[in-house]
Amino acid sequence: MPSKPVSLELLDPELRQALGRFMDKASNRAEKLRIEPIPADGSTRTFWRLHRPSGDPSLVVMINPPADPTVERENRAYLKIGRHLKEKGIPVPQIYAHSLEGGWFIMEDLGNRTLQEVALDEKTDPLPIYRDVLEGLVHLQLRGAEEFDPSWCGQTAVYNTVVMRRYESDYFRNAFLRGYMGIKGLGSTLEPAFAHLAEKGSKADCRFFLHRDFQSRNILVSGKKIGFVDWQGGRMGPLAYDLASLLIDPYTDLPSRHKDPLYAAYLGLIHDVNPRWAESLDVYYPYLAIQRNLQILGAFSYLTETVQKPRFAAYIPGAVTSLNHLLGRVGDLELLPLKDLMGRVTERIRENKNFRS
């Protein structure tokens, strides 16, 4: 999308004043400021790339008005966790200025090419870049955990059974099965499977920093540099979750010939740090990957049906295929009710139908 002039008068006065400090005095005029909207996917936040007349590096502005306590906590987490990660040497953008009252942030621009674009580029072998991302992920998980203050978190301080049930399996049941697929009469059919998933996932070691949305649209690639964004959901959690977020990402739909060597590469990186961590990760990865897959289907269904963003529906069939693959691969009899139901869901999707009557 081409850039266009924007009037600074349309912006919050405090934000306008802050932006003025980043402009050349000689050219600090509204008609000289070029601005481009940056897609924000399912978020209510708005993002803008600002090109400075002086030719200095562009800036990114994020605006998220604190309309309710949930957004207030999210903005605070964005600030606190973002500063912490930057101090730990994690490749996140520097926050130059902010206002929690106004709900805006002025930040370093890490580039406009996402890992999704790299992965879908048929002329590029994505594996070398993904291996760089995996090294960055390990750094994020280990260094990000050092001196991390749980009070910064916008939701829960740690990835736990509350998150697994309320924000993942229940979300999946309500938004995807009932809302998107229109399935009726579920009752407590899936309760034992969901409880078993949460029980298995809760045994994973949660001493690491968890991004919780570590997918290709939140990873920027600029030359040989990798950058991470959208860390506001960060908390302490298990290693396997962010790895699963990357590997089963519907935006890239990585084939098994890529997923398998990347999983092995990550396992090797962790083994080099602590062999016991690698052993534990291998045990709990399938369950945490299923949890992540449930969250993905819940989110895409909610965005499609409730937020009325139908473009997300395109990723639902791939996420269904991924969930079926994971359920088949783990081979856990406790998950058979979920596996059987997803088999029926898959058939309906293949027939281009749903359960609405």
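**Exercise 1. Start at T46 and work out how β4 sits among its neighbours: which strands pair with it, and is it buried or exposed?**

*Solution.* T46 stands opposite I63 in β4. Keep in mind that we're working with a predicted model throughout.

Step 1: look at the β3 side. Strand β3 and strand β4 (residues 59-63) are joined by five bridges and run antiparallel. Another facing pair here is R49 with V60 of β4.

Step 2: look at the β6 side. β4 also pairs with strand β6 (residues 104-108), again in the antiparallel sense and over five bridges. There, V61 stands opposite I106.

Step 3: sort the side chains by face. In a regular strand, side chains alternate between the two faces of the sheet. For β4 that puts L59, V61 and I63 on one side and V60 and M62 on the other, and both sets are buried.

Step 4: put it together. Five of the five residues of β4 are buried, so the strand is largely enclosed by the rest of the structure.

**Exercise 2. Describe the surroundings of F47: where is it found, and which residues is it in contact with?**

*Solution.* Step 1: place the residue. F47 is found in strand β3, which covers residues 46-51.

Step 2: check the accessibility. The cut-off for buried is under 20% relative accessible area. F47 has 12%, so it counts as buried.

Step 3: find the strand partner. β3 pairs with strand β2 (residues 34-38) in the antiparallel sense, over five bridges. In that pairing, I38 stands opposite F47.

Step 4: list the contacts, skipping neighbours within four places in sequence. F47 is in contact with E36, P37, I38, A40, V60, V61, M62, Y78 and D230. Take V60 from that list: it is 13 residues away from F47 in sequence, and the C-alpha to C-alpha separation in space is 6.9 Å.

**Exercise 3. E147 and D230 both have a positive phi; which of them is buried and which is exposed?**

*Solution.* Step 1: recall the background. Most residues other than glycine have a negative phi.

Step 2: read off the angles. E147 has phi near 60°, and D230 has phi near 55°.

Step 3: locate the two. E147 lies in the loop between α4 and α5 (161-180), while D230 is in the loop between β9 and β10 (235-237).

Step 4: compare accessibilities with the cut-offs, under 20% for buried and over 50% for exposed. E147 comes in at 64%, so it counts as exposed. D230 comes in at 15%, so it counts as buried.

Step 5: see what E147 touches. Not counting residues up to four places away in sequence, E147 touches H84, K88 and W152. K88 is 59 residues away from E147 in sequence, with 9.6 Å between the C-alphas.

**Exercise 4. Work through the hairpin of β8 and β9: how many bridges join the strands, and which residue takes a positive phi?**

*Solution.* Step 1: count the bridges. Strand β8 (residues 219-222) and strand β9 (residues 225-228) run antiparallel and are joined by four bridges.

Step 2: pick out a pair. S222 has K225 in β9 as its bridge partner.

Step 3: inspect the turn. Two residues lie between the strands, and G223 takes a positive phi near 65°.

**Exercise 5. Take helices α4 and α7: what is the span of α4, and how many residues of α7 are buried?**

*Solution.* Step 1: check the geometry of α4. This helix (residues 127-143) has 17 residues and reaches 24 Å from first C-alpha to last, close to the 24 Å expected at 1.5 Å a residue.

Step 2: check its burial. Among the buried residues of α4 are L127, Y130, L134, L137 and Q141. Residues three or four places apart in an α-helix point the same way, because there are 3.6 residues a turn.

Step 3: turn to α7 (residues 239-247). Nine of its nine residues are buried, including D242 and S245.

**Exercise 6. Characterise the second largest pocket: how much space lies in it, and which helix supplies the largest share of its lining?**

*Solution.* Step 1: get the volume. The second largest pocket holds about 290 Å³ of space. It is lined by 14 residues, and those closest to its centre are D260, Y263, Y285, L326 and R329.

Step 2: assign the lining to helices. α8 (256-273), α9 (275-305) and α10 (316-330) each supply at least two residues. The largest share, five residues, comes from α10.

Step 3: classify the lining of this pocket: seven residues are nonpolar, three polar and four charged.

Key:
Residues numbered from 1 in each chain as written. Predicted model: local features only at pLDDT ≥ 70, side-chain atom pairs only at ≥ 80, totals over all residues. Heavy atoms only, no water. 1 Å grid on protein atoms, 1.4 Å probe; cavity = no way out; pocket = protein on both sides within 12 Å on 5 of 7 lines; lining within 4 Å. Points joined across faces, edges and corners; volume = space filled by probe spheres on them. Nonpolar A, V, L, I, M, F, W, Y, C, P; charged D, E, K, R; others polar. Expected span 1.5 Å × (residues − 1). Buried < 20%, exposed > 50% of the residue type's maximum accessible area, 1.4 Å probe, protein only. Pairing = 2+ DSSP bridges. Contact = heavy atoms within 4.5 Å.
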